[in-house]
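Thank you all for coming; I would like to spend a few minutes walking through one structure with you. Please have a look at it on the screen before I begin.

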Amino acid sequence: MQATSTLEHPEAPPAVKSRSFKRAFADVREAWDHRELWGHLGWQDIKQRYRRSVIGPLWITISMGTTALALGLLYSVLFETNVPTFLPYVTVGFIVWNFILGCITEGTDVFIANEGLIKHLPAPITVHVMRMVWRQVLFLLHNLAVYAVVLAIFFPALSHQYQISPNGPVHPGLSWTIVLAIPGFALLALNAVWVALAFGVISTRFRDIPPVVTSFINLVFFMTPIVWDAGVLQKVTGGGSNDWRILIAELNPVYHFVEVVRAPLLGHAVDWHHWAIVGGFTVGGWGLAMVILRNYRARVSYWV
């Protein structure tokens with residue numbers, strides 16, 4: 001009699017909330033557990049892009065080296081700077097910027113481009129973001145070969161105190177602090193994931209976001225000290241830190257992300273405020289990404 005009563009009135013399954021931070025964090029954790037999947041897919045993206053090419057992914061390195069050399073020589077003449085110190089500055093700046101640019105532009109399109117996989121592959125949506133960031137990391141590793149060549153050529157000029165621009169700040173030169181580029185890049189990649197998550201989800205709902213971001217990012221490039229030295233602003237303003245021209249660089253978050261990687265690689269002293277700003281964006285950005293993932297993760301497959 002008791003068994004019959006149990007069959008007639010089965011216990012209702014516990015209610016599962018589709019919107020919860022637990023599910024949002026689970027999506028990210030499960031994506032990390034699938035690292036063999038997105039690691040393989042990211043590597044296949046590189047191979048597929050250069051399929052039937054004679055030198056394959058080396059085109060990435062050649063393209064970066066050609067661009068850095070041309071613009072480095074051009075702007076060194078325009079700004080009357082020392083080529084042996086300015087060319088490495090531009091090269092490393094371009095390498096870091098290329099990673100940031102790829103993560104932002106491809107991040108806005110990451111779910112739209114993977115529509116087929118999202119609808120047919122039962123995997124966390126963060127997997128597609130990890131795949132994209134890993135692909136950009138591989139591009140970065142190829143481009144670091146250009147940095148190694150430039151470092152070998154201009155090492156005598158970078159191994160002691162030097163200035164990039166006349167009357168600019170004096171940098172201490174290459175030392176063991178070069179290892180600080182590792183945590184700097186780790187923070188860069190960590191931020192790339194939340195940026196792609198946030199912009200990727202929003203872009204699936206509002207398709208105008210990718211072209212808007214692409215247009216805006218071109219302006220950010222010229223406002224960021226990549227082909228020009230931030231020391232030029234100090235020279236123009238006479239060293240005043242409150243001048244609006246100094247604020248052009250300081251209020252640009254991309255500048256701080258570039259600096260935490262570029263400065264150690266060139267033997268510059270990294271001011272603490274660069275780390276503080278990058279750390280603040282990391283915490284705040286991931287908080288925003290978790291809120292977006294909590295509220296709209298389940299809708300991505302319908303929006304794409």
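Let me start with a single residue: in which helix is the place of Leu71? Leu71 sits in helix H4, which covers residues 58–78, and I should say at once that what we are looking at is a predicted model. As for its surroundings, Leu71 counts as partly exposed because its relative accessibility is 24%, where the class of partly exposed residues runs between 20% and 50%. If we leave aside the neighbours within four places in sequence, Leu71 is in contact with Phe94 and Val227. Leu87 lies 16 residues away from Leu71 in sequence, and the C-alpha atoms of these two leucines are 8.6 Å apart in space.

Let me now step back to the chain as a whole. It has 15 helices and 2 strands, and of its 304 residues, 46% count as buried. Among the contacts with a separation of 6 or more, 75% are accounted for by residues 24 or more positions apart. The accessible surface of the chain comes to about 16100 Å², and carbon and sulfur atoms contribute 66% of that area.

How far the prediction itself can be trusted is a matter of confidence, and here the mean pLDDT of the chain is 84, with 88% of the residues reaching 70 or more. Among the elements, the highest mean pLDDT, 94, belongs to helix H9, residues 181–205, whereas helix H1, residues 2–8, has the lowest, at 46. Over residues 1–10 the pLDDT is below 50, and this stretch has 0 contacts in the model beyond near neighbours in sequence. Residues 12–16 also have pLDDT below 50, and there the model shows 1 contact beyond near neighbours in sequence.

Finally, I would like to turn to the pockets. The largest pocket has a volume of about 530 Å³, and 22 residues line it, with Ile100, Ile104, Val195, Pro253 and Val254 lying nearest its centre. Which helices each supply at least two residues of that lining? They are helix H5, residues 83–108, then H9, helix H10, residues 209–223, and helix H13, residues 253–266. By residue class, the lining of the largest pocket divides into 20 nonpolar and 2 polar residues, with no charged residue among them. One of the contributing helices, H9, is thus also the element with the highest mean pLDDT in the chain.

Methods:
Residues numbered from 1 in each chain as written. Predicted model: local features only at pLDDT ≥ 70, side-chain atom pairs only at ≥ 80, totals over all residues. Heavy atoms only, no water. pLDDT = per-residue confidence, 0-100. Helix = DSSP H or I, 4+ residues; strand = E, 2+ residues; numbered from the N terminus. Contact = heavy atoms within 4.5 Å. 1 Å grid on protein atoms, 1.4 Å probe; cavity = no way out; pocket = protein on both sides within 12 Å on 5 of 7 lines; lining within 4 Å. Points joined across faces, edges and corners; volume = space filled by probe spheres on them. Nonpolar A, V, L, I, M, F, W, Y, C, P; charged D, E, K, R; others polar. Buried < 20%, exposed > 50% of the residue type's maximum accessible area, 1.4 Å probe, protein only. Areas by Shrake-Rupley, 256 points an atom, 1.4 Å probe, with all protein chains shown as cover.
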